[in-house]
Every structure is written in C-alpha cells, then in structure tokens.
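Hi everyone, thanks for coming along. I'd like to walk you through one structure today, so please have a look at the screen.

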Amino acid sequence: MCGIIAYTGSKPAREILIDGLRRLEYRGYDSSGIALTHRKRIKTFKAAGKLSVLEDQLPATIDGVCGIGHTRWATHGAPTDINAHPHSDSKNRIAVVHNGIIENAPALKQKLEALGINCQSDTDTEVLAHLLASHGGKLIDAMSEVLLGVQGTYGLAAIDKDDPGTIVVERNGSPVIIGIGKNEMLAASDM
C-alpha cells in the first residue's frame, strides 16, 4: 500500500503535496518524494525513510503550481532513494507516482531493454514512466495507449514537463479520489 497525492492550481504545490503526504503516511513510510513542473522542467525530490527525511532535504525555494507526491511501502525493491517515487524517464520528461502492482512489469522491462532503455530502480513503477515517454505525443493519449498493455492494479498520477499544468490520473482496482476546487484540482489515494 502506498499513498499518492497530486495538485494543480494557482497555489504553491510544495506545501499542499507535503501536507497531503503527511496525511497519507499511514499508507507507507519507507520512502517519499515529490515532483513539480516549473518552466518546462520537472524538479524531483525523494528520500528513503519517513516523510520528515524528505522535508529536511527540500530546498526552501522550490516552487511550482503543479505536482505529484508519493509515500511508499516498499513492495518492489528495497526502501532506498533510487527506489522512492516519483519515477521519471531517462530524459526527465515524465514523472509518475503509483499505488498498486504492475504484474507484467518484468515483460514490459524486457521490451524497454530491447529498445535500449534501462531502468535505474528495482520498482515496477519506473517501467510506466519509460513507456509513457517512449510513446510520445500528449500524456493523456500515451496513458490510454500504454495502460492497454499493463496488467495489475494501479492508482497513478503522472506529469509531463511539456504540459506543465496538467496531471493525468488513472486507476484500476486501487483507489483514486478527485477533488475539484476553485481554479485548482487535487487527486489522492484516500480522502
């Protein structure tokens, strides 16, 4: 079980994501991380250990009004910085957080390796980031196409540096709640 949070709007996302992760920490406390889109870049921060470890490492000046966060209960790979979510593709275009299990991750990883794409972590989630990035085009279209070949359960949220205010959220078996506010939207794996 893991906790995911996503926010897009006009407020600074950092504190909203951290507050959301604090509320979701009961869903996983082995590692945590956030990714923010800002000026056509994705800034990712992640750390093994409780959320307080991540908070201590976050620069005071990070900004961005769109982002995703994750608190992890390690199921694939040890609780290390590299296995912590969010996961990105090799060009840091796409970042993904995921709750669930991608059952066919080993087969998908083999397909990526045949294309010359190597995963850095031991997680099943990193495979999704690489598949989404290799699809090209709009993230929402890539998500629809990629998930046709994914077996398992998932609640996930993804961001794309080329579409900085957009978060794509999908679920199959794992919970995802959508919140609609005034000029803002949120998603989380629990109320």
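Let me start with a term I'll need: a pocket here is an open set of grid points with protein on both sides within 12 Å along at least five of seven lines. One thing to keep in mind throughout is that this is a predicted model.

So, how much space lies in the largest pocket? About 310 Å³. Its lining is made up of 15 residues, and the closest to the pocket's centre are Ile5, Leu186, Ala188, Asp190 and Met191. Which element gives the most to that lining? That would be H1, with five residues. H1, E9 and E10 each supply at least two lining residues.

Now to the sheet. It is an open one with six strands, running in the order E3-E2-E4-E1-E10-E9, and the pairing is antiparallel. At the edges sit strand E3, residues 41–48, and strand E9, residues 177–181, each of them pairing on one side only. On average, neighbouring strands are turned by 10° against each other, if we ignore direction. H1 packs on this sheet, where it touches E1, E2, E4 and E10, and the direction of H1 makes about 155° with that of E1.

Let's zoom in on one strand pair. E1, residues 3–8, and E10, residues 184–188, pair in the antiparallel sense over four bridges. If you'd like one bridge to look for, threonine 8 has methionine 185 in E10 as its partner.

Just past E10 we come to serine 189, which lies in the segment after that strand. Is serine 189 buried or exposed? Its relative accessible area is 2%, so serine 189 is buried, the cut-off being under 20%. A polar atom of the serine 189 side chain lies 3.0 Å from the backbone nitrogen of isoleucine 4. Leaving out residues up to four places away in sequence, serine 189 touches Cys2, Gly3, Ile4, Leu24, Arg27, Pro175 and Ile177.

My last stop is arginine 14, back in helix H1, which spans residues 13–24. Arginine 14 counts as buried because its relative accessibility is 15%, and buried means under 20%. The arginine 14 side chain makes a polar contact, at 3.0 Å, with the side chain of glutamate 15. Again leaving out residues up to four places away in sequence, arginine 14 touches Leu36, Leu58, Pro59, Ala60, Thr61, Ile62 and Gly64.

That's my tour, and I'm happy to take questions.

Note on methods: Residues are numbered from 1 along each chain as its sequence is written. This is a predicted model: local features need pLDDT of at least 70, side-chain atom pairs count only at pLDDT 80 or more; totals for chains, interfaces and linings use all residues. Side-chain values use heavy atoms; hydrogens and water are left out. Buried means under 20% relative accessible area, exposed over 50%, partly exposed in between (1.4 Å probe, protein chains only). A polar contact is a pair of N or O atoms within 3.5 Å; within protein, one must be able to donate a hydrogen and the other to accept it, and residues adjacent in sequence count only if both atoms are side-chain atoms. Contact means heavy atoms within 4.5 Å. Two strands pair if DSSP finds at least two bridges between them. Axes are lines fitted to C-alpha atoms, for helices over the stretch in contact, and angles run from 0 to 180 degrees between N-to-C directions. On a 1 Å grid over the protein atoms alone, a cavity is a set of points where a 1.4 Å probe fits but cannot get out, and a pocket is an open set with protein on both sides within 12 Å along at least five of seven lines; lining residues have an atom within 4 Å of a point. Grid points are joined across faces, edges and corners, and a volume is the space filled by probe spheres set on the points.
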